[in-house]
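Visitor: Could you walk me through the side-chain contacts in this one?
Guide: Gladly; let us put it on the screen and begin with the rings.

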Amino acid sequence: MRSSYSSRSSGSARRRVATGATAAFLGLTVALGNGLVTSASAADTATLSGIVLGVGANEAQRTVTWYSSADTAQQIQVAPTAQLVNGEFPAGAAAFDAIGAANIASSGGYNRHATITGLKEQTQYSYRVGSEGNWSSTYSFKTQDFEGEYDFLFYGDPQIGSSGNLASDQAGWQDTVDVSLKANPNAELLVSGGDQVESANNESQWNSFLAPDGLRQYPWAATIGNHDVGGKAYEQHFTTPNTDRSAPYYDNGTPEGTRSGGDYWYIYKDVLFIDLNSNSYNSANGGGDEAHVKYVTDVINKHGDEAKWKVLVYHHAIYSPASHAKDGENKQRRRDFPTVFSNLGVDLVLQGHDHSYSRSYLIKNGAKENPAEQPGASDVYPGPGGVLYVTANSASGSKYYDITKPDSSGTSGDGNGADPLNPGNYWYNSVQNQEHVRTYVKVQVRNDKLVVENIRSGANGPDQPVGSHVDDVTVHPYHGDKQDLQVNVPNPAPGEFGWTIDGYNGLVDLGTAKEQNGDHFVAGGKINPILVSDSRRSLAPWSISANVGDFKDADKTFSGSYLGWTPYVLDGGAGAAAGDPVASGYDDQGKGLSVSRGLGSAGQGHPRGSAKLGADLDLKIPDSVEKGGYRATLTITALSS
C-alpha cells in the first residue's frame, strides 16, 4: 500500500504569507461614548447632511461629524477601499458608534460624531455614516506615511455670507479648495484660520461652507473665529481632539447659549499643533490671555518633546497689516503672548481675522529678534525664541481688508509704528500684501526647515495666475554652537511567515503493509520534512497542521482515520514546538488524521528564525480492506495572525 503527500491548494508546495494585512484593520478599537438614546433599525429614514472629515489626535485617527434629521443610533462604517466590491462594504468593515445630541432650534435636527481609530499608513479608506438600510453616500480619504515630512494647507476666513452674496462666496471658497487640493493632492491636513461663516447659526451659510467635497476627503482642523461664536453651530459641525471646554477656554462673556469652541491640541507626525479659542476672554471666569498662556504652557511642557515643531493656531491676529492690527484686544494679546511663545520654543503661529496677508519678521519677546533681518527675506534663521507669525488673507474672496498705515505708537511691544527698513509697513511685518485676490498658505514640514508659501487661488492678471506665489519663506531652525545630526530610519520590512517542503517533494512510500495479530495490517514511514521560516517583526503566533483524506484505489477505499503520527522538531528555531502524537483510529476508534492535527506551533513573542518539522507515520488497516495499491493526500495548513 502506498500513501502520497501533496497539497490541495495551488500546484506549488511553497507557501508564504505577508504580515500586516487586512486582519490588522479589522481589529480597530471602538470609540464608545454616551449620548445616543434609541437604537437603529432597518426602517431608519433619517436625512443625513453636513458630513465633514476632521483631524484626530494623531495620524492614525480621523473624526467625522454630521447632521441627522432623526434622533437614531448611527455609526461610521470604514473599510480599505480595495476591499469594496461594486461599491459594497465588506462584511468585516469596521464600525464606530456615534454620539451626539439635539441641535439648537435654529439648526434643527441632531448632530452626530465619531472617531475612527487604528488606521494604517499608506492606505485608501472608504467610509459612510448612518445605519443599516440608511447609509449616506460613500466618501474616501488616504493616509500617508505616519513618520517624516509632509505638507499642510492653511486657509484664512472663508466667512461665507459676508459679501451678502451666498452663491458667490460659496463659489470662491469651492474654487480655492479645489485649486489648492489639485495642486497639492498629497497635502495631509487642512487647517482653519477661523470664521468659517458670517453668522454663527445660519445653516445656509454652513451648507455653503461644507459644499466642497475636499472637506470629506482631507481632515479639517477647525478654528473658531469671532463670527463662529454667538451660537452652537460651530461645535455641532466640528469635532476636535483633546478639547478643553472649561470656562477659561470656552466663555466669551456673552449668554451661555452663545458659547462654543474650546482650546485643543493634537500631534501630527513631527508637529505639535495647539489651537486656541481666542474669542474666550472673560476674565470673570478665570479666562483671558492668562488662561490661554497657561494652556499652551501646560501642553508644551507635557507634549513638546514628542514633536520637532510647535505650531500655534488662533483667529485674532496679533501681527497683521489691516485695521484689526490696532484693535485694543489684539494689542493686549501682543503684550501677553509673544514672550511666553518665545520662551516655550514655538516655531510658527498661524492667524486669521484681518483678511489680508502678512508674514512677520522673527519676533522674540515682543520685539524684532534681529534688527538687520531684511524685508521679504526668503530664508530666515531664528535664534532661540525667534517665532514667525503668519496672517492669512481671505480664502473665499468674501471680504478683504485694505492695509492700514503705521502710526507713532512705537516699534516694539503693542506699538504699530513703521518699519525703519520699510516705512510703509508695520515694524513687525517683513511682508504685507492685499491684492483683493483669494489665497491660501502652504506649509512644508521638512526635517530641518519649515517652508511657508502664500499662493494665489485666484488670478491677479495675466502675470500672476492661479498658483503663482505672493510670498515664500524658509525657516531654518536654530542649532546654536552644537552640531545636530539627522538620520531618517524607514519602516523595517515587516518580514514574512511561510513554509515549504524541505528538499524534493517526492512520494512518501509506506511500502507493503504487514499483517499483524491476524486482524489488521501495519505500515509506517516519515513525512517529507516541513521547513518553517518566520522573519516577521510582530513575532505573532503560528501553527502548522495537517489532515488526510480517504485512501483510494479506483473504487476501493478505506478511511484516513486509520493514519496516526508522532510529530517532532528536526531543527529548532522560530519558537517551534512539536504537536501532540495522534493514534491511529484503529487503536482507539478515533478519527486519527482524518481531522486536522497539529504538526508544530509557536506562541506570541517567539524568536524569529526557521525550524524543520517532521513526523513518523503510523498506519493500521483492518484486514477487511481489499487488496490494492492505495493513495491519499495529506493537506498542510498554515495559520498565523
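**Rings and charges**

Guide: As a starting point, Y155 and W220 are both buried, and please keep in mind that this is a predicted model.

Visitor: How are the rings of Y155 and W220 arranged as an aromatic pair?
Guide: Their arrangement is tilted, with 5.9 Å from centre to centre and 35 degrees between the planes. The pair links distant parts of the chain, since Y155 belongs to strand β12 (residues 150–155) and W220 to strand β14 (residues 220–221), 65 residues apart.

Visitor: Which residues are in the aromatic cluster with Y155 and W220?
Guide: The cluster brings together Y155, W173, W206, F209, W220, Y234, F238 and Y440.

Visitor: And how many aromatic pairs turn up in the whole structure?
Guide: The search finds 30 aromatic pairs. One that we have not yet discussed joins F558 and Y562, and it is tilted, at 6.4 Å centre to centre with 40 degrees between the planes.

Visitor: Why does F558 count as buried?
Guide: Its relative accessibility is 5%, and because buried means under 20% relative accessible area, F558 falls in that class.

Visitor: Switching to charges over rings, what sits over the ring of Y361?
Guide: That is the charged end of K368, 3.7 Å from the centre of the Y361 ring. The charged end of R216 likewise sits over a ring, that of Y139, at 5.7 Å from its centre.

Visitor: Which residue does R216 meet in a salt bridge?
Guide: The side chain of R216 meets that of D213, with an N to O distance of 3.2 Å. R216 is buried, at a relative accessible area of 6%, whereas D213 is partly exposed, at 43%.

Visitor: How many salt bridges does the count come to?
Guide: The count comes to 22 salt bridges. Another of them connects the side chains of K442 and D151, at 3.8 Å from N to O.

Visitor: Which parts of the chain does the K442 and D151 pair tie together?
Guide: K442 lies in strand β27 (residues 439–446) and D151 in strand β12, so the salt bridge ties together parts that are 291 residues apart in sequence.

Visitor: Are K442 and D151 buried or exposed?
Guide: K442 is buried, with a relative accessible area of 14%, and D151 also counts as buried, with 14% relative accessibility.

Visitor: What about D298, which residue does its side chain meet in a salt bridge?
Guide: The partner of D298 is K294, and the N to O distance there is 2.8 Å. D298 and K294 are separated by about one helical turn, because they are four residues apart in helix α7 (residues 289–303). As for accessibility, D298 is partly exposed, with a relative accessible area of 28%.

Visitor: Going back to K442, which residues are joined with it into one network?
Guide: Salt bridges with shared partners join K442 to E149, D151 and R446 in one network.

Visitor: Last topic: where is Q144 found?
Guide: Q144 is in the loop between β11 (139–142) and β12, and Q144 is buried there, with a relative accessible area of 13%.

Visitor: Which residues does Q144 touch?
Guide: Leaving out residues up to four places away in sequence, Q144 touches E121, Q122, N186, E188 and K269.

Terms used: Residues numbered from 1 in each chain as written. Predicted model: local features only at pLDDT ≥ 70, side-chain atom pairs only at ≥ 80, totals over all residues. Heavy atoms only, no water. Phe/Tyr/Trp six-rings, centres within 6.5 Å; stacked < 30°, edge-to-face > 60°. Helix = DSSP H or I, 4+ residues; strand = E, 2+ residues; numbered from the N terminus. Buried < 20%, exposed > 50% of the residue type's maximum accessible area, 1.4 Å probe, protein only. Lys NZ or Arg CZ within 6 Å of the ring centre and 35° of its normal. Salt bridge = Lys/Arg side-chain N within 4 Å of Asp/Glu carboxyl O. Contact = heavy atoms within 4.5 Å.
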